[in-house]
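User: I should like to learn how to read strands, cores and surface features in a model of this kind. Please take me through some cases.

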Amino acid sequence: MFRFGNSWDERLAPEYGKPYYQQLRAFLKQEYFRRDVRVFPPMEDLFAAFRETAYDDVRVVILGQDPYHEYGQAHGLCFSVRKGVEIPPSLANIFKELQSDLGCTPPKDGDLTLWAKRGVLLLNSVLTVREGQAGSHRGKGWEQFTDRAIELLNERKEPVCFLLWGGYARAKKQLVTNPAHLVLEAPHPSPLSASRGFFGCRHFSACNRFLGERAIDWQLP
């Protein structure tokens with residue numbers, strides 16, 4: 001059982017004893033120790049999203065699909081890459097929209113850890129992937145685990161803004177039923193779809209208006 005060291009621990013602990021999670025755990029143990037494949041992110045970063053943003057601190061949720069599948073990119077936060085790694089096209093488009101919307105200067109790297117520390121839960125629906133094989137760990141149980149996290153956030157009285165970009169993320173809208181929260185939807189920021197409505201969606205300013213005094217500082221160094 002993983003420990004996050006924050007308020008997620010108590011809320012997600014019941015999941016670890018369920019059959020789906022036991023099957024997922026056995027699958028991951030096999031995958032991470034295989035010699036013929038590599039799995040991302042590194043095991044120590046597997047639950048970085050929960051570790052960096054405690055349940056009680058979540059103000060915004062950005063939902064991704066599964067981690068980057070090329071070597072050195074994924075480190076447990078959706079859309080984020082470590083310092084020194086080339087900024088992926090989708091993240092570059094997120095920075096473009098952020099500059100257009102709020103005037104934030106695009107950062108020199110793609111590490112979004114500061115967003116996580118400021119209350120932005122950067123959650124992939126599937127938390128692991130094989131190198132070079134996008135979607136290779138879908139349907140193994142992660143979706144049930146991360147859906148439960150969204151359901152737990154939906155139960156909160158304090159407002160949360162959910163940014164759902166792309167068809168996969170937008171399908172999770174059904175999990176957010178509490179009228180206290182705000183769901184903002186747009187096409188995915190990938191080069192294939194960003195021009196179809198992601199650019200110009202102005203989600204960052206809309207999110208901050210909704211949060212009021214709890215608005216996010218989106219500027220990165």
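The dialogue below goes from a strand to the core and then to the loops.

Analyst: Please note at the outset that this is a predicted model.

User: How many residues of strand β2 are buried?

Analyst: The general idea is that side chains in a regular strand alternate between the two faces of the sheet. In this structure, both faces of β2 are covered: Val60, Ile62 and Gly64 are buried on one side, and Val61 and Leu63 on the other. Five of the five residues in β2 (residues 60–64) are therefore buried, and the strand is largely enclosed by the rest of the structure.

User: Which strands are joined to β2 by bridges?

Analyst: Strand β3 (residues 120–124) runs parallel to β2 and is joined to it by five bridges. Strand β5 (residues 161–165) is also parallel to β2, with four bridges between them. Valine 60 illustrates both pairings: its bridge partner in β3 is valine 120, while in β5 it stands opposite cysteine 161.

User: Which residues of the largest nonpolar core touch the most other members?

Analyst: That core has 71 residues, and those with the most contacts to other members are Trp8, Phe50, Val60, Ile62, Trp115 and Trp218. Val60 and Ile62 have already appeared on one side of β2. Tryptophan 115, leaving out residues up to four places away in sequence, touches ten residues' worth of surroundings that include Ile62, Val120, Leu122 and Trp218.

User: Where is arginine 118, and what does it touch?

Analyst: Arginine 118 belongs to the loop between α5 (113–117) and β3. Its relative accessibility is 21%, so it counts as partly exposed, the cut-off for buried being under 20%. Beyond four places in sequence, its contacts are Arg59, Ile216, Asp217, Trp218, Gln219 and Leu220. Its C-alpha atom is separated by 8.3 Å from that of valine 58, a residue 60 positions apart from it along the chain.

User: Is serine 190 buried or exposed?

Analyst: Serine 190 counts as buried because its relative accessibility is 15%. This residue lies in the loop between β6 (182–186) and α8 (203–211). Apart from neighbours within four places in sequence, serine 190 is in contact with Ser90 and Asn93.

User: Which residues make the nonpolar surface patch?

Analyst: Phe2, Phe33 and Met43 make this patch of about 310 Å². Methionine 43 is placed in the loop between β1 (39–40) and α3 (48–52). With a relative accessible area of 37%, methionine 43 is partly exposed.

Technical notes. Residues are numbered from 1 along each chain as its sequence is written. This is a predicted model: local features need pLDDT of at least 70, side-chain atom pairs count only at pLDDT 80 or more; totals for chains, interfaces and linings use all residues. Side-chain values use heavy atoms; hydrogens and water are left out. Patches are made of residues with over 30% relative accessible area and no salt bridge: like charges are joined within 9 Å, nonpolar side chains (Val, Leu, Ile, Met, Phe, Trp, Tyr) within 5 Å. Accessible areas come from the Shrake-Rupley method with a 1.4 Å probe; for residues, only the protein chains shown count as cover. A salt bridge is a side-chain nitrogen of Lys or Arg within 4 Å of a carboxyl oxygen of Asp or Glu. Helices (H or I, at least four residues) and strands (E, at least two) are DSSP runs, numbered from the N terminus. Buried means under 20% relative accessible area, exposed over 50%, partly exposed in between (1.4 Å probe, protein chains only). Two strands pair if DSSP finds at least two bridges between them. A nonpolar core is a set of buried Ala, Val, Leu, Ile, Met, Phe, Trp, Tyr and Cys residues joined through side-chain atoms within 4.5 Å. Contact means heavy atoms within 4.5 Å.
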